[in-house]
Amino acid sequence: MDMIRNTAETVRDNNQQEARELLSLPLILHLLLWGIVPSLAIALIPVKRHRHWWHGAGIRTAYAVGLVVIATGLFVVNNKYATFFSRENAELKVYITPLFALHSSYRYFKTFHAGQTQPFVTLGTDAYQQKSTPRRTIGIMVIGETARADHFSLNGYARLTNPRLSQQALVNFQNVTSCGTSTAYSVPCMFSFLGQADYSPEAADKQSNVLDVLQHAGVKVVWIDNNSSCKGVCTRIENTNMTQNANPNDDLYSDHGYYDEAMLTDLPRYLAGDQDVLIVLHTLGSHGPTYHKRYPPEFAQFQPYCQHDTPHTCSSAEVINAYDNTILYTDYVLSKTIDWLKSHSDQADTFLLYASDHGESLGENGIYLHGLPYLLAPKAQTHIPMFLWRPESYWQQNPQAWSLLQNKKQAKLSHDHLPHSLLGLYAVQTTVYQTELDLSR
Ligand SMILES: [Zn+2]
């Protein structure tokens with residue numbers, strides 16, 4: 001159902017870039033060769049007509065009935081084994097073509113329609129800030145795209161993909177799982193109070209998220225999007241989408257859109273006034289299948305890298321090289337964002353919280369990209385990088401905060417921790433806040 005939702009949202013967001021990257025020449029050739037040509041061949045076979053229509057219909061019906069009898073007979077004989085097998089392997093239903101695709105479309109449109117008629121529930125109307133210091137807080141939350149934890153050298157990857165971040169005073173969480181395996185599913189979950197167990201994008205859309213509650217408590221919240229859209233999360237807060245009205249003459253623009261670094265250009269603009277600020281950056285990160293388009297040429301450090309729009313036509317090493325170059329560029333963008341925050345750290349408390357929306361398969365067992373049903377998804381799609389940066393001076397003045405977070409580096413964490421940690425970072429008190437899901441507590 002997630003892939004149906006993705007497709008529907010790509011169309012709704014009018015995301016031509018994503019559609020263009022998926023509609024490649026090899027796909028068209030594939031459809032032509034294996035779909036249209038065989039269909040034409042079959043169409044050309046002369047059909048033997050029976051003298052009376054009921055004669056032909058009778059023979060076909062007899063065949064169909066015969067097959068149903070054989071299938072039912074086989075099922076009855078193996079009844080015990082078949083029920084057990086299907087119960088133990090529930091994920092097999094996703095392989096039934098085309099029934100599963102049709103069933104998923106039906107489920108998507110049913111839940112979408114149910115959502116249209118449900119009333120919106122406002123949460124956290126009791127929220128207020130109870131800060132221990134008069135200092136202003138300037139925070140940035142970065143939503144990573146398609147970054148998998150095991151390709152971050154911060155998590156022990158043998159290649160140095162985080163040369164810059166490894167020099168920053170951050171706490172890196174090594175054991176974090178994503179809420180879903182696609183952007184449309186994960187992004188609203190990262191800001192929802194529902195928690196992964198009770199979450200659905202439709203239910204999350206019908207209640208306040210953490211950004212609404214922070215805004216209610218007096219924090220200025222801004223969403224900057226360089227991805228497809230905010231998936232409904234930024235509806236009630238200030239937001240801007242870089243993919244619309246792009247300037248093709250900008251140095252950080254290529255014919256594929258803006259490189260993520262362009263998101264930093266306008267940051268100073270959002271610091272006017274003396275309110276606490278949270279800026280959310282929705283990056284394009286490692287978005288596939290065109291990894292090679294995600295970074296400027298000077299970041300093509302791992303060579304040779306896949307330059308096709310279809311990763312499965314490249315060698316495994318080339319795909320991994322292209323992907324690792326995207327992580328190297330992400331490392332650069334995140335580190336540059338941290339450096340910008342550092343330049344404000346003498347007048348304000350600053351932080352950067354980073355988490356990817358989901359991971360990515362790079363051809364392991366023939367699986368590419370992401371979006372597999374959670375039950376089936378390999379760890380590559382659900383094990384994500386996440387870290388919290390604060391200035392060194394902050395850790396020095398708050399050694400207990402530093403040591404508390406050290407204990408969580410290996411702990412089993414998830415996207416469920418994000419909304420409550422954001423409330424904690426702004427010292428927001430509200431009944432929707434759960435201390436046990438706050439990383440800093
Ligand atoms: Zn995504």
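This briefing walks through the main structural features of one protein chain. The model is predicted. The chain has 441 residues, of which 49% count as buried. Its secondary structure comes to 14 helices and 14 strands. Three disulfides and a zinc ion with protein donors are covered below, followed by two helices and two annotated segments.

**Overall build**

- Taken along the principal axes, the C-alpha atoms fill a box of roughly 90 × 50 × 40 Å.
- The accessible surface comes to about 22600 Å². Carbon and sulfur atoms hold 58% of that surface.
- Among contacts with a separation of 6 or more, 73% are between residues 24 or more positions apart.

**Segments annotated in the record**

- The UniProt entry, which is unreviewed, gives the annotation "transmembrane region" to residues 27–45 and 57–77.
- In the model, residues 27–45 are 95% helix and 0% strand. The end C-alpha atoms of this stretch lie 27 Å apart.
- Residues 57–77 are 100% helix and 0% strand. Here the end C-alpha atoms are 30 Å apart.

**Zinc site**

- Which residues supply the protein donors of the zinc ion? They are Glu145, Thr183, Asp357 and His358.
- Glu145 is listed with OE twice, Thr183 with OG1, Asp357 with OD and His358 with NE2. These donors lie 1.9 to 2.8 Å from the zinc ion.
- Along the sequence, the donor residues follow the spacing E-x37-T-x173-D-H.
- Thr183 belongs to helix H7, while His358 sits in the loop between strand S9 (348–356) and strand S10 (361–362), so this pair ties together parts that are 175 residues apart in sequence.
- Thr183 and His358 are both buried.

**Disulfides**

- How are the bonded cysteines paired, when numbered in sequence order? The pairing is 1-2, 3-4, 5-6.
- Cys179 and Cys189 form one of the disulfides, with sulfur atoms 2.1 Å apart. The torsion about their S-S bond is about 80°, so this disulfide is right-handed.
- The pair of Cys179 and Cys189 links distant parts of the chain, 10 residues apart. Cys179 is in the loop between strand S3 (170–177) and helix H7 (183–190), and Cys189 is in helix H7. Both cysteines are buried.
- Helix H7 therefore holds a zinc donor residue, Thr183, as well as the disulfide cysteine Cys189.
- Cys230 is joined to Cys234, at 2.2 Å from S to S. This link is left-handed, with -80° about the S-S bond. Cys230 and Cys234 are buried.
- Cys306 is joined to Cys314, at 2.1 Å from S to S. The torsion about the S-S bond is about 70°, which means that this disulfide is right-handed.
- Why does Cys306 count as buried? Its relative accessibility is 5%, and buried means under 20%. Cys314 is also buried, with a relative accessible area of 9%.

**Helix H10**

- Helix H10 spans residues 316–342, a run of 27 residues.
- From its first C-alpha to its last, H10 reaches 39 Å. That is close to the 39 Å expected at 1.5 Å a residue.
- Because 19 of its 27 residues are buried, H10 is largely enclosed by the rest of the structure.
- Asn325 lies in this helix. Is Asn325 buried or exposed? Asn325 is buried, with a relative accessible area of 0%.
- Leaving aside residues up to four places away in sequence, Asn325 touches Tyr295, Phe299, Ala300, Gln301, Phe302 and Tyr305.

**Helix H14**

- Helix H14 covers residues 417–425. How many of its nine residues are buried? Eight are, so H14 is largely enclosed by the rest of the structure.
- The buried residues in H14 are His417, Leu418, Pro419, His420, Ser421, Leu422, Leu423 and Leu425.
- Just after H14 comes Ala427, which takes a positive phi of about 50°.

Key
Residues are numbered from 1 along each chain as its sequence is written. This is a predicted model: local features need pLDDT of at least 70, side-chain atom pairs count only at pLDDT 80 or more; totals for chains, interfaces and linings use all residues. Side-chain values use heavy atoms; hydrogens and water are left out. A disulfide is a pair of cysteine sulfur atoms within 2.5 Å. Helices (H or I, at least four residues) and strands (E, at least two) are DSSP runs, numbered from the N terminus. Buried means under 20% relative accessible area, exposed over 50%, partly exposed in between (1.4 Å probe, protein chains only). Donors are N, O and S atoms within 2.8 Å of the metal (3.2 Å for Na, K and Ca); water is not among the atoms, so sites may look incomplete. UniProt positions are given in the numbering used here, feature names are shortened, and annotations may be inferred rather than shown by experiment. Contact means heavy atoms within 4.5 Å. Accessible areas come from the Shrake-Rupley method with a 1.4 Å probe; for residues, only the protein chains shown count as cover. The expected span of a helix is 1.5 Å times one less than its number of residues.
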